Amino acid sequence: MAVSSHAALIGSASFEGLSDPNSGVAACLRTHSYARFAQPKSVKGTLASHALSSSRIFKFPPNFLRQLSNKARRNCSNIGVAQVVAASWSNNSPPSSSAAAAAATSVDATAAASVPAASDAVALEGCVGNESLKVEEDLGDSRTSVFHSDGSVAIHAGERFGRGRVDDAITTPVVNTSAYFFKKTADLIDFKEKRAVSFEYGRYGNPTTIVAEEKISALEGAESTLIVASGMCASTMMFLALVPAGGHIVTTTDCYRKTRIFIETILPKMGITATTIDPADMNSLELALKENKVSIFFTESPTNPFLRCVDIKLVSELCHQHGALVCIDGTFATALNQKALSLGADLVIHSATKYLGGHNDVIAGCVSGSLKLVSEIRNLHHVIGGTLNPNAAYLLIRGMKTLHLRVQQQNSSALRMAKLLEAHPKIKCVYYPGLPSHPEHNLAKRQMSGFGGVVSFEVDGDLTTTIKFIDSLKIPYIAPSFGGCESIIDQPAIMSYWDLNQTERLKYGIKDNLVRFSIGIEEFEDLKADILQGLEAI
């Protein structure tokens with residue numbers, strides 16, 4: 001684009017959405033939008049002197065000033081801008097209209113005869129809070145003069161003294177940084193003494209990750225959300241932060257095996273004991289609450305792999321009467337099908353790897369709830385680690401944009417598949433809360449708006465017969481995990497419990513013919529045909 005057009009745009013821009021159109025923020029915006037393009041030396045002074053005559057309007061969203069004022073947002077850019085300029089451009093002395101017109105003519109004429117040089121680029125410095133913008137005649141001698149080698153220039157040029165911003169990007173920028181800088185020590189002290197808000201170190205927070213956290217909080221109706229490196233990281237961090245040494249927890253018989261292993265083998269090392277109850281046994285829950293000083297009741301709802309449902313409202317009332325917290329793992333339900341916090345739970349956990357990410361390409365976990373409780377977990381997280389990579393946070397953000405579309409399809413297909421399987425003579429039983437035969441069907445109808453995309457069932461046969469059925473399928477992948485676009489199928493006896501013998505597996509209800517089927521977003525008729533041909537093969 002010709003330099004003359006940039007000069008004209010800068011000179012003719014006014015800004016809506018800013019309380020003071022002549023503030024340093026507005027000046028920064030005028031320069032920033034066009035500072036990425038090189039300017040000939042002969043026009044720099046003209047450009048700086050005549051940038052305030054205005055006829056065009058730029059519109060910014062209401063929260064733009066808040067974003068601009070946030071130091072961390074300043075770093076949300078991978079777009080480099082050339083070095084910062086330094087002579088003063090005052091907003092108090094706007095040029096006359098005739099001078100502006102002459103300047104525009106001068107710029108057009110010069111641009112036609114000049115080739116922009118990379119060293120002549122205009123950049124920005126300290127936009128927030130400055131009442132004037134610094135511009136300089138000779139960029140090459142100002143900021144780059146502190147460097148005496150191409151090596152230093154390659155490291156710092158376009159970044160060290162200011163960089164571009166992409167607040168107008170539709171997608172959230174990925175901020176790949178391990179640390180955040182302070183312009184001067186006084187700023188650091190203000191931050192340490194809580195007079196200023198900023199990022200400091202990558203383990204303590206990242207602008208990209210915060211967007212994902214805010215999105216999940218909005219879906220769950222939570223005050224705060226912490227995103228970590230996996231679902232297991234979220235649940236173990238929650239236990240460690242909220243259960244004191246020597247404490248007691250209550251959990252359910254049906255749950256993710258790795259969670260059970262942590263409860264049974266790791267927590268006892270800190271003197272933490274557990275009572276395990278059937279998901280529907282409220283009498284045993286009341287007894288455990290009376291006999292022990294229970295810190296937390298923790299369960300999945302629906303559970304893995306039998307999709308049992310817990311009465312979240314009733315459990316929350318009972319636990320709160322005895323001072324115990326309630327944490328629900330809502331991974332199988334998703335925040336769309338079930339609002340655990342509104343039903344009374346204190347915390348809700350997700351393996352964001354599953355439905356939230358939704359594309360089988362990211363591993364992440366999160367815990368949502370009140371600011372007080374999540375802050376306690378976050379403080380421990382800052383010490384222990386388990387930080388989510390910003391690129392993974394971006395994948396999570398992208399995945400959640402289609403969450404409602406995917407879950408609607410998966411809810412529908414899973415219910416139809418459950419009915420199909422239940423009616424088939426080669427299927428012994430089906431576990432799905434959307435079926436009237438499910439023990440918590442009426443409860444699921446009360447507290448869920450959809451029943452999820454996972455169906456578990458038992459084939460009429462032994463281990464070998466079930467293997468033959470699964471191996472005959474063409475569409476689903478044989479893999480762990482669930483909740484993605486692609487359908488996934490597995491035998492829990494092999495996928496999750498193969499290290500145990502058959503007798504030991506049966507203690508957990510895991511039979512050799514049990515199948516867990518995660519429905520993807522494929523066309524239902526294709527999945528139906530594949531399942532039927534697989535059953536015909538046995």
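What do the buried residues of α12 pack against? Before we get there, keep in mind that this is a predicted model, where local features need pLDDT of at least 70, side-chain atom pairs count only at pLDDT 80 or more, and totals for chains, interfaces and linings use all residues. Residues are numbered from 1 along each chain as its sequence is written, and side-chain values use heavy atoms, leaving out hydrogens and water.

Now to helix α12, residues 282-291, whose buried residues (under 20% relative accessible area, 1.4 Å probe, protein chains only) are M282, L285, A288 and L289. They sit on the same side of α12, because they cover an arc of only 120 degrees around the axis, judged by the directions from the helix axis to the C-beta atoms. An α-helix has 3.6 residues a turn, so residues three or four places apart point the same way. As for the opening question, these buried residues pack against β6 (248-252), β7, β8 (294-300) and α13 (312-321). Turn to the face pointing away from the buried side and you'll find N283, K290 and E291, which are exposed (over 50% relative accessible area).

Next, the nonpolar cores: sets of buried Ala, Val, Leu, Ile, Met, Phe, Trp, Tyr and Cys residues joined through side-chain atoms within 4.5 Å. In the largest one, with 50 residues, L396, L421, V430, Y432, F457 and F469 touch the most other members. Helix α17 (residues 403-422) supplies the largest share of this core, 6 residues. A second, separate core has 23 residues, including M237, L242, V243 and V367.

Terms used: Helices (H or I, at least four residues) and strands (E, at least two) are DSSP runs, numbered from the N terminus. Contact means heavy atoms within 4.5 Å.
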